[in-house]
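Here are a few exercises to work through with the model open in your viewer. Try each task yourself, then check the steps below it.

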Amino acid sequence: MKINVNGYEIAYQITGEGEDTVVILQGWGTELATYNSVAACISDRYRVVQFDFPGFGASDEPREPWAVEDYANFFLDLMAALGIQKATLIGHSYGGRVIIRLAARESLPFTIERIVLIDSAGILPKKTWKQKMKIRRYKVLKKIVNLKLVYAICPRLIDEWRNRQGSADYRNASPMMRQCLVKAVNEDLTELLPRIRQDTLLIWGDLDTATPIADAKLMEEKIPRAGLAVIPGTGHFSFLENPALFRSIMQAYFA
């Protein structure tokens with residue numbers, strides 16, 4: 001299904017027929033169907049809303065580079081368009097960033113009942129000396145390859161070098177979404193965590209390298225009413241890598 005929100009065509013789907021609503025906020029570069037198994041864990045008791053953020057899946061791209069705050073503001077407009085006044089929010093990776101931004105606000109036009117953060121992003125890792133040197137080297141090389149004369153001499157080599165830079169998410173993104181991603185990954189939300197007032201369940205893969213388990217432990221420490229459930233042997237998509245254990249955790253929490 002599609003709904004128009006502020007001139008953007010947004011893909012969404014609703015499953016389940018419960019009185020209470022749960023909304024799933026997706027991770028970077030995914031599409032709403034990635035979270036069908038998450039919805040299936042609770043759709044026998046809850047009305048579950050899945051959607052694609054602008055620039056994700058089948059939804060329109062933002063017309064300008066959006067920061068996490070812009071996505072949070074968009075989400076408020078989506079909730080209003082869907083007529084949702086109260087919901088539990090589940091966020092994976094980037095979706096967790098948006099939820100943290102929302103939950104830390106003093107007031108909202110709808111009520112967040114509970115929160116589930118799955119391998120959530122939001123904590124800016126401290127860079128090692130090696131990483132700092134790599135960034136410095138990249139900035140120097142970038143200035144060189146951006147010179148028109150240098151590009152005219154060896155365009156193929158420079159294009160190949162550019163295509164190897166950045167994370168897989170960055171390389172796979174469109175030019176507009178690359179700018180949105182840069183805004184997100186350079187933002188640290190740690191100071192917002194103590195402001196989250198809702199019961200918060202953290203579900204994490206202990207082998208996650210994108211958002212390491214140390215991030216989960218910090219969130220558990222900083223969020224006043226948080227609890228952590230670890231899924232052993234899984235990475236950043238813990239809910240897909242061990243669906244049986246994930247389902248058990250979810251059903252216990254939403255019992």
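The exercises below go from the whole chain down to a single residue, and the model behind them is a predicted one.

**Exercise 1. Take stock of the chain and its sheet.**
Task: Find how many helices and strands the chain has, and in which order the strands sit in the sheet.

Solution:
- Start with the count: the chain holds 11 helices and eight strands.
- Next, lay out the sheet. It is open, built from eight strands in the order S1-S2-S4-S3-S5-S6-S7-S8, with mixed pairing.
- Look at the two ends: S1 (2-5) and S8 are the edge strands, and each pairs on one side only.
- Now check the twist. On average, neighbouring strands are turned by 25 degrees against each other, direction ignored.
- Finish with burial: 45% of the 255 residues count as buried.

**Exercise 2. Walk across the sheet from S3 to S7.**
Task: Which way do the strands pair at each step, parallel or antiparallel?

Solution:
- Begin at S3 (residues 21-25), which pairs with S5 (residues 86-92) in the parallel sense over four bridges. Here Val22 stands opposite Thr88 of S5.
- Move on to S6 (residues 111-118): S5 and S6 run parallel and are joined by six bridges. Ile90 has Val116 in S6 as its bridge partner.
- The next step, S6 to S7, is parallel too, with five bridges. Arg114 faces Asp199 in S7.
- While you're at S5, check its burial: six of its seven residues are buried, leaving the strand mostly covered.
- Then see what packs on these strands. H3 lies across S3, S5 and S6, at about 140 degrees to S5. H11 (residues 243-253) touches S5, S6, S7 and S8, and its direction makes about 175 degrees with that of S7.

**Exercise 3. Describe how H2 meets H3.**
Task: What angle do the axes of H2 and H3 make, and which residues make the contact?

Solution:
- Two numbers do the job here: packed helices are described by the angle and the distance between their axes.
- For H2 (residues 68-82) and H3 (residues 94-103), the axes come within 9 Å and cross at roughly 75 degrees.
- Angles of 65 to 115 degrees count as roughly perpendicular, so H2 and H3 are roughly perpendicular to each other.
- List the contact: H2 gives Val68, Glu69, Tyr71, Ala72, Phe75 and Leu76, while H3 gives Tyr94, Arg97, Val98, Arg101 and Leu102.
- Sort them by class, and you get eight nonpolar, no polar and three charged residues.

**Exercise 4. Find the buried side of H9.**
Task: Which residues of H9 are buried, and why do they count as lying on the same side?

Solution:
- Pick out the buried ones in H9 (residues 213-222): Ile213, Asp215, Ala216 and Met219.
- They cover an arc of only 150 degrees around the axis, so they fall on the same side of H9.
- Turn the helix over: the face away from the buried side carries exposed Lys217 and Glu221.
- Ask what the buried residues pack against, and you find H3, S6, S7 (199-205) and S8 (226-231).

**Exercise 5. Place Asp208.**
Task: Is Asp208 buried or exposed, and what does it touch beyond its sequence neighbours?

Solution:
- Locate it first: Asp208 sits in the loop between S7 and H9.
- Its relative accessibility is 4%, and buried means under 20%, so Asp208 counts as buried.
- Leave aside neighbours within four places in sequence, and Asp208 contacts Asp119, Ile213, Thr234, Gly235 and His236.
- Zoom in on Gly235: its C-alpha and that of Asp208 are separated by 3.8 Å, although the two are 27 residues apart along the chain.

Key: Residues are numbered from 1 along each chain as its sequence is written. This is a predicted model: local features need pLDDT of at least 70, side-chain atom pairs count only at pLDDT 80 or more; totals for chains, interfaces and linings use all residues. Side-chain values use heavy atoms; hydrogens and water are left out. Axes are lines fitted to C-alpha atoms, for helices over the stretch in contact, and angles run from 0 to 180 degrees between N-to-C directions. Angles under 35 degrees count as roughly parallel, over 145 as roughly antiparallel, 65 to 115 as roughly perpendicular and the rest as oblique. Contact means heavy atoms within 4.5 Å. Ala, Val, Leu, Ile, Met, Phe, Trp, Tyr, Cys and Pro count as nonpolar, Asp, Glu, Lys and Arg as charged, and the others, Gly among them, as polar. Buried means under 20% relative accessible area, exposed over 50%, partly exposed in between (1.4 Å probe, protein chains only). Two strands pair if DSSP finds at least two bridges between them. The arc is that of the directions from the helix axis to the C-beta atoms.
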